[in-house]
Amino acid sequence: SRLCDEVERQSGGICGTKLSDADKIIMMSRAISLAKDSLKRWRRYTASTSFAKMMVDTIGEFKLNAITYAELFDAAEKTDDEQLKSKLLDTAYIYEQYETLIAQRFIDSCDRLTRLYYALENNGFFAEKTVFIDSFKGFSGQQYRVLERILSKSKNTFVTLIDNPDDTRQFGLFSNIKRVKSRITRIAKSHAVTVCDDIILRENH
């Protein structure tokens, strides 16, 4: 969030009214109403406030993991499970209407890291900077996208992770950390960023 603040101070923020939690439920109720004719599985819940709140939370999770409604439509087309297909389609229709409603005048806090990702595309904020990323046990889809921008544009980037390099078990205590490291390495290599050997601290410092 502080990185968002810093970049917005440098390049200017996004104009619009920030949505409160109550605002989101109101906008989601409107989106569900607009999507009603396209819904199959969840049409009977279109007047439910609790359903609107659930969809706010659900779509917030999708945004956190950088999943768009277009990807939900695509996933629905690829599954043979009819129940799953109907859930994906209904969610995608509601998600699409919600995004259309808020696009012009409103700002959803869940979109902040996504906006940062696009703001950094042609922004020299990280040029000639050395970046240190610490105290993360994992990253969300949005955070991985921002990390991609940092890796591709900074002079150097150091990421610290708590791991035991001697533990090579597939489902060991540090298996999630190893997956994080592997994904960061793939991102770096996809941008032709040199990946140096690990620096392993085996003593207390």
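Modeller: A disulfide here is a pair of cysteine sulfur atoms within 2.5 Å. The model is predicted.

Colleague: By this rule, how many disulfides does the count come to?

Modeller: Take Cys 4 and look for a partner. The closest cysteine sulfur, in Cys 110, is 12 Å away, too far for a bond. From the other side, Cys 110 is in no disulfide either. The count comes to zero.

Colleague: Cys 4 and Cys 110: which is buried, and which is partly exposed?

Modeller: Buried means under 20% relative accessible area, and partly exposed runs from there to 50%. Cys 110 has a relative accessible area of 25%, so it is partly exposed. Cys 4 has 3%, so the buried one is Cys 4.

Colleague: What is the order of the elements along the chain?

Modeller: The chain has eight helices and four strands. Its C-alpha trace spans about 60 × 45 × 30 Å along the principal axes. From the N terminus on, the elements run α-β-α-α-α-α-β-α-β-α-β-α.

Colleague: What share of the contacts with a separation of 6 or more comes from residues 24 or more positions apart?

Modeller: The chain has 205 residues, and buried ones make up 32% of them. Among contacts with a separation of 6 or more, the share from residues 24 or more positions apart is 72%.

Colleague: How far apart are the end C-alpha atoms of helix α2?

Modeller: Helix α2 covers residues 21-35, which is 15 residues. At 1.5 Å a residue, the expected span is 21 Å. The model agrees, with the end C-alpha atoms apart by 21 Å.

Colleague: Within what arc do the buried residues of α2 fall?

Modeller: The buried residues are Lys 24, Met 27, Met 28, Ala 31, Ile 32 and Ala 35. Seen down the axis of α2, they line one face of the helix, because they fall within an arc of 145°.

Colleague: Which elements do the buried residues of α2 pack against?

Modeller: Start with the residues themselves. Met 27 and Ile 32 are among the buried residues of α2. The packing partners of the buried residues are α3 (49-64), α5 (82-102) and β2 (106-107).

Colleague: How many aromatic pairs does the count come to?

Modeller: Rings of Phe, Tyr and Trp pair if their centres lie within 6.5 Å. By this rule the count comes to 11.

Colleague: What is the geometry of the Phe 73 and Tyr 93 pair?

Modeller: A pair of aromatic rings is described by the distance of the centres and the angle of the planes. The centres of Phe 73 and Tyr 93 are 5.1 Å apart. Their planes stand at 70°, so the pair is edge-to-face.

Colleague: Which helices hold Phe 73 and Tyr 93?

Modeller: The two residues are 20 apart in sequence, so their pair ties together separate parts. Tyr 93 counts as partly exposed, at 28% relative accessibility. Phe 73 lies in α4 (residues 69-78) and Tyr 93 in α5.

Colleague: Which residues form one aromatic cluster with Phe 73 and Tyr 93?

Modeller: Phe 73 and Tyr 93 are themselves an edge-to-face pair. The others in the cluster are Phe 62, Tyr 69 and Tyr 95.

Colleague: What angle do the planes of Tyr 117 and Tyr 118 make?

Modeller: Tyr 117 counts as buried at 11% relative accessibility. Tyr 118 is partly exposed, with a relative accessible area of 47%. Their ring centres are 5.1 Å apart. The pair is edge-to-face, because the planes are at 75°.

Colleague: Which charged ends sit over the ring of Tyr 117?

Modeller: One charged end is 4.0 Å from the ring centre, and it belongs to Arg 145. Another is 3.8 Å from the centre, and it belongs to Arg 149.

Colleague: Where does Glu 128 lie?

Modeller: Glu 128 has a positive phi of about 65° although it is not a glycine. At 66% relative accessibility, Glu 128 counts as exposed. It lies in the loop between α6 (112-119) and β3 (130-133).

Colleague: Is Ala 192 buried or exposed?

Modeller: Ala 192 lies in the segment after α8 (175-190). Its phi is near 55°, a positive value in a residue other than glycine. At 72% relative accessibility, Ala 192 counts as exposed.

Colleague: Leaving aside neighbours within four places in sequence, what is Ser 175 in contact with?

Modeller: Ser 175 lies in helix α8. Ser 175 is buried, with a relative accessible area of 12%. Beyond those neighbours, its contacts are Arg 169 and Gln 170.

Technical notes. Residues are numbered from 1 along each chain as its sequence is written. This is a predicted model: local features need pLDDT of at least 70, side-chain atom pairs count only at pLDDT 80 or more; totals for chains, interfaces and linings use all residues. Side-chain values use heavy atoms; hydrogens and water are left out. The expected span of a helix is 1.5 Å times one less than its number of residues. Buried means under 20% relative accessible area, exposed over 50%, partly exposed in between (1.4 Å probe, protein chains only). The arc is that of the directions from the helix axis to the C-beta atoms. Contact means heavy atoms within 4.5 Å. Rings of Phe, Tyr and Trp (its six-membered ring) pair if their centres lie within 6.5 Å; planes under 30 degrees apart count as stacked, over 60 as edge-to-face and the rest as tilted. A charge sits over a ring if NZ of Lys or CZ of Arg is within 6 Å of the ring centre and within 35 degrees of the ring normal.
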